[in-house]
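Hi,

Here is the model we talked about, ready for you to load. Have a look, and my notes follow below.

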Amino acid sequence: MRLRINGEDVLIDAHKTIMELVCGRGLRPERVVVEHNLRIVPREAWPETILNENDTVEIIGFFGGG
Amino acid sequence: MKDLLKIGGKSVNNRLFIGTGKFSSYDVMKRALEEAGADVVTVALRRVDSSSKTDNILDYIPKECILVPNTSGARNADEAVRIARLSRAAGCGDWVKIEVIQDNKYLLPDNLETLKATEILAKEGFVVLPYMSPDLSMAKRLVDAGAAAVMPLGSPIGSNRGIKTKELVEILISEIKIPVIVDAGLGSPSNACECMEMGCSAVLVNTAIAIAENPVGMAKAFSDAVKAGRLAYGAGIPQSTRHANPSSPLTGFLRQRK
């Protein structure tokens, strides 16, 4: 199915959870924050939050800045 | 007695806040933060793509530092609020530096949108540090909106031009009851020292440290300059005069007495 992740269209397997998506990208869950269809999803809810066709996901982390 | 900066419910020892952008590596940044003894450190939020998974900046910031995510990239209040909420959800505390910028040439802040974001986020319990153009009535409004400090710019971000806004910042220092922290444009330790001598509560420096030939040495130099300026402010800097005032006795020494 098609998702919009960080502004780009991405094809992933259906019925994935946010946790699976984050870990599948090689990211450390404790170091990123996820916005799902413009709503911030607490980390505890990632394992049971299932992604659907055409969902929008933002995966955000910290970088250097002043 | 220690001269601590009280801000956001915390007591901060080092009045040099350090930004983490533009360092040649996270390792250099880490050593600079340690050498300066930084207590307050700013970071930015960005989309994480799969290529940026290797290293995480948070692993290079000393654990005891207060993290201040900024809202850089926000072009209006709503975007700044969104970024602030994301940063809190990441579990790095509730401090946030509001940065709302539409002007790409000078990176000057939009004070009105900054005020709107400050109002919303202060109500949500954030410790809000708004980056602003030094305007007294706006600073008063930011205080009323619940800002924990105001952060007027010294000169445009990354310009290393020093405290070009001096007289306006001095007005804020005299009229505003919350900490005034000069943010942006300080290019050398003497610039930072000057701000502290004026009575600023702290300064935030990034570029001048990060792009120095020796960022670790420069971080220490800034930290010492900030301490010196703060000490001088506390000691009371004497008035300047147009004419000389002798510091040695003027009585004739080798001359004949009349």
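**Around B:V128**

Leaving out neighbours within four places in sequence, B:V128 is in contact with B:V96, B:I98, B:T118, B:L121, B:A122, B:G146, B:A147 and B:A148. Before you read too much into any of this, keep in mind that the model is predicted.

B:V128 belongs to strand β7 of chain B. Is this residue buried or exposed? With 29 other C-beta atoms within 10 Å, and 20 or more being enough to count, B:V128 is buried. One of its contacts, B:V96, is 32 residues away in sequence, yet the two C-alpha atoms are 5.3 Å apart in space.

The strands there make up an open sheet of three in chain B, ordered β6-β7-β8, with parallel pairing. β6 and β8 (151-152) are the edge strands with a single partner each, so one side of each has no neighbour in the sheet. Between β6(B) and β7(B) there are four bridges, again parallel. If you want a spot to click on, B:K97 sits opposite B:L129 of β7(B).

**The helix next door in the list**

Helix α3 of chain B covers residues 111-123. Does its length fit, or not? Its 13 residues at 1.5 Å each should span 18 Å, and the end C-alpha atoms are indeed 18 Å apart, so the two agree. Buried residues in α3(B) include B:T118 and B:L121, both of which also turn up among the contacts of B:V128. The others are B:N111, B:E113, B:T114, B:L115 and B:A117. What do the buried residues of α3(B) pack against? In chain B, they meet α2 (77-89), β6 (95-98), β7 (127-132) and α4 (136-145). Just past the helix, B:G125 has a positive phi of about 90°.

**Strand β3 and the core**

Now to strand β3 of chain B, residues 16-19, which is covered on both faces: B:L16 and B:I18 are buried on one side, B:F17 and B:G19 on the other. β3(B) runs parallel to β10 (residues 202-205), joined by three bridges, and B:L16 has B:V203 as its bridge partner there. β3(B) is also parallel to β4 (residues 40-47), this time with two bridges, and B:I18 is partnered by B:V41. To get from β3(B) to β4(B), the chain goes through helix α1 (residues 26-36) in a right-handed β-α-β crossover.

The largest nonpolar core has 91 residues, and those touching the most other members are B:L16, B:I18, B:I181, B:A192, B:V203, B:V205 and B:F222. Take B:A192: residues up to four places away in sequence aside, it touches B:L16, B:L186, B:V203, B:V205, B:F222, B:A225, B:V226 and B:G229.

**Where the chains meet**

How many residues does each chain bring to the contact? Chain B brings 30 and chain A brings 20. On the chain B side, β4 and α2 supply at least two residues each, and β4(B) gives the most, with six. That side divides into 14 nonpolar, 10 polar and six charged residues.

β4(B) also pairs across the contact, running antiparallel to strand β5 (residues 56-64) of chain A over five bridges. Within that pairing, A:F63 is partnered by B:A44.

Cheers

Key:
Residues numbered from 1 in each chain as written. Chains lettered and ligands numbered in written order. Predicted model: local features only at pLDDT ≥ 70, side-chain atom pairs only at ≥ 80, totals over all residues. Buried ≥ 20, exposed ≤ 12 C-beta atoms within 10 Å, placed from the backbone. Pairing = 2+ DSSP bridges. Right-handed = clockwise from strand over helix to strand, strands pointing away. Expected span 1.5 Å × (residues − 1). Contact = placed C-beta atoms within 7 Å. Nonpolar A, V, L, I, M, F, W, Y, C, P; charged D, E, K, R; others polar. Core = buried A, V, L, I, M, F, W, Y, C linked by C-beta atoms within 7 Å.
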